[in-house]
Amino acid sequence: KKFFFYRNYFELTEKISDSEKFIYFPLHYQPEATTMPYGNFYFDQINAVRLLSSCIKDDIKIYVKEHPDTFNLERTAWSRGLFSKHLDYYKDLSKIKNVKIININTASNLLLKNCLFVATITGTTALQATIFKKNSLVFGDAWFKDCEGIFSVRNAKEINKFILEKKYEHEINLSKIESFFDFLNANSCEWSKTGIIKKEEQQIEEVTSLIIKRFSDISKNLPN
């Protein structure tokens, strides 16, 4: 099945063009929490691509690139990366107006540099885009949705507003991105699911200390 997907995808790929205006839409590896549950209705990424396509002009393309790990052919990853995708998945994608399926070996930096903006469910490619001072549409409940350059959308009305008001041309303030990560670092701690990096007792102690600190900060600002 994986070989079928692999062959099907590459048969549908098209060359990118230097003269085209395009939106970069990198697909998620699935299954992952980034799309289920955090993608909500858009856990099926085709829903997001179709909606975006319905909101853009004919001269703008959507460059869709699959996550490379989807086609991981190692023995331990034989079936992974195929969930949530039916056999005609890529054919259905290619039939959507303005969509171009592009080679997975196309350099992400090249796409980020030249795109109008990035569209993703909750992918951190949106954060990478800010380095290139490019804005992003995020369809799901991303942990970084409050970061500078990130615009959350749920429906066609919100996408149309983003495009008509040319919010994708918003000048990104890099100091706001730094402030976002400073806040994140001050209010988070490292956690190891396997317990290899840190023992569970140590992790629980750090989380408890962080929660106590936050409650202490809040209580200091409460009126007497």
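## Burial, cores and aromatic pairs in a predicted model

With a relative accessibility of 14%, phenylalanine 180 counts as buried; the partner of its ring is described further below. The model examined here is predicted, and the description moves from the overall arrangement to individual residues.

The secondary structure of the protein consists of eight helices and six strands, which follow one another from the N terminus in the order α-β-α-β-α-β-α-β-α-β-β-α-α-α. Of the 224 residues in the protein, 40% are buried. The surface that the protein exposes comes to about 13,300 Å², of which carbon and sulfur atoms supply 54%. When contacts with a separation of 6 or more are considered, 65% of them join residues that are 24 or more positions apart.

The largest nonpolar core contains 34 residues, and those with the most contacts inside it are Phe25, Leu52, Tyr90, Leu93, Leu137, Phe139 and Ile159. At least two residues of this core are supplied by each of α1 (2–12), β1 (21–26), α2 (45–53), β2 (60–65), α3 (89–94), β3 (99–101) and α6 (156–164). Helix α2 gives the largest share, which amounts to five residues. A second core, separate from this one, has 10 residues, among them Ala126, Leu127, Ala142 and Cys147.

Phenylalanine 139 serves as an example of a residue within the largest core. Its relative accessibility is 0%, and it therefore counts as buried, a class that requires a value under 20%. Apart from neighbours within four places in sequence, phenylalanine 139 is in contact with Phe25, Tyr42, Ala48, Leu51, Leu52, Ala119, Thr120, Ile121, Val153, Arg154 and Ile159.

Helix α1 contributes to the interior through its buried residues Lys2, Phe5, Asn8 and Tyr9. Because these residues fall within an arc of 130° when seen down the axis of α1, they line one face of the helix. The elements against which the buried residues of α1 pack are β2, α3 and β3. In helix α5 lies threonine 125, which is buried at a relative accessible area of 17%. Residues up to four places away in sequence being left out, threonine 125 touches Tyr24, Pro26, Leu112 and Val118.

Across the whole structure, a search finds 17 aromatic pairs. In one of them, tyrosine 42 and phenylalanine 139 meet edge-to-face, with 5.2 Å from centre to centre and 65° between the planes. Tyrosine 42 belongs to the loop between β1 and α2 and phenylalanine 139 to the loop between β5 and β6 (150–152), so this pair ties together parts that are 97 residues apart in sequence. Tyrosine 42, at 6% relative accessibility, counts as buried. Another pair is stacked and is formed by tryptophan 143 and phenylalanine 180, whose rings are 6.5 Å apart centre to centre, with 25° between the planes. Since tryptophan 143 lies in the loop between β5 and β6 and phenylalanine 180 in helix α7 (residues 174–186), this pair ties together parts that are 37 residues apart in sequence. In addition, Phe4, Phe5, Tyr6, Tyr9, Phe10, Tyr89 and Tyr90 form one aromatic cluster.

Several features of the backbone also deserve a description. Most peptide bonds are trans, and most residues other than glycine have a negative phi. Against this background, a cis peptide bond joins glutamine 30 and proline 31, with omega at about 10°, and the bond from methionine 36 to proline 37 is likewise cis, with omega near 25°. Proline 31 is placed in the loop between β1 and α2, and proline 37 is also found in the loop between β1 and α2. Positive phi values occur at asparagine 98, where phi is near 75°, and at lysine 133, where phi is about 60°. Asparagine 98 is situated in the loop between α3 and β3 and is buried, with a relative accessible area of 11%. Lysine 133, by contrast, counts as partly exposed at 49% relative accessibility, and its place is in the loop between α5 (125–131) and β5 (136–138).

Finally, the structure holds zero disulfides. Among its cysteines, cysteine 55 counts as buried at 11% relative accessibility, and cysteine 115 is buried with a relative accessible area of 3%.

Notes. Residues are numbered from 1 along each chain as its sequence is written. This is a predicted model: local features need pLDDT of at least 70, side-chain atom pairs count only at pLDDT 80 or more; totals for chains, interfaces and linings use all residues. Side-chain values use heavy atoms; hydrogens and water are left out. Helices (H or I, at least four residues) and strands (E, at least two) are DSSP runs, numbered from the N terminus. Buried means under 20% relative accessible area, exposed over 50%, partly exposed in between (1.4 Å probe, protein chains only). Contact means heavy atoms within 4.5 Å. Accessible areas come from the Shrake-Rupley method with a 1.4 Å probe; for residues, only the protein chains shown count as cover. A nonpolar core is a set of buried Ala, Val, Leu, Ile, Met, Phe, Trp, Tyr and Cys residues joined through side-chain atoms within 4.5 Å. A disulfide is a pair of cysteine sulfur atoms within 2.5 Å. The arc is that of the directions from the helix axis to the C-beta atoms. Rings of Phe, Tyr and Trp (its six-membered ring) pair if their centres lie within 6.5 Å; planes under 30 degrees apart count as stacked, over 60 as edge-to-face and the rest as tilted.
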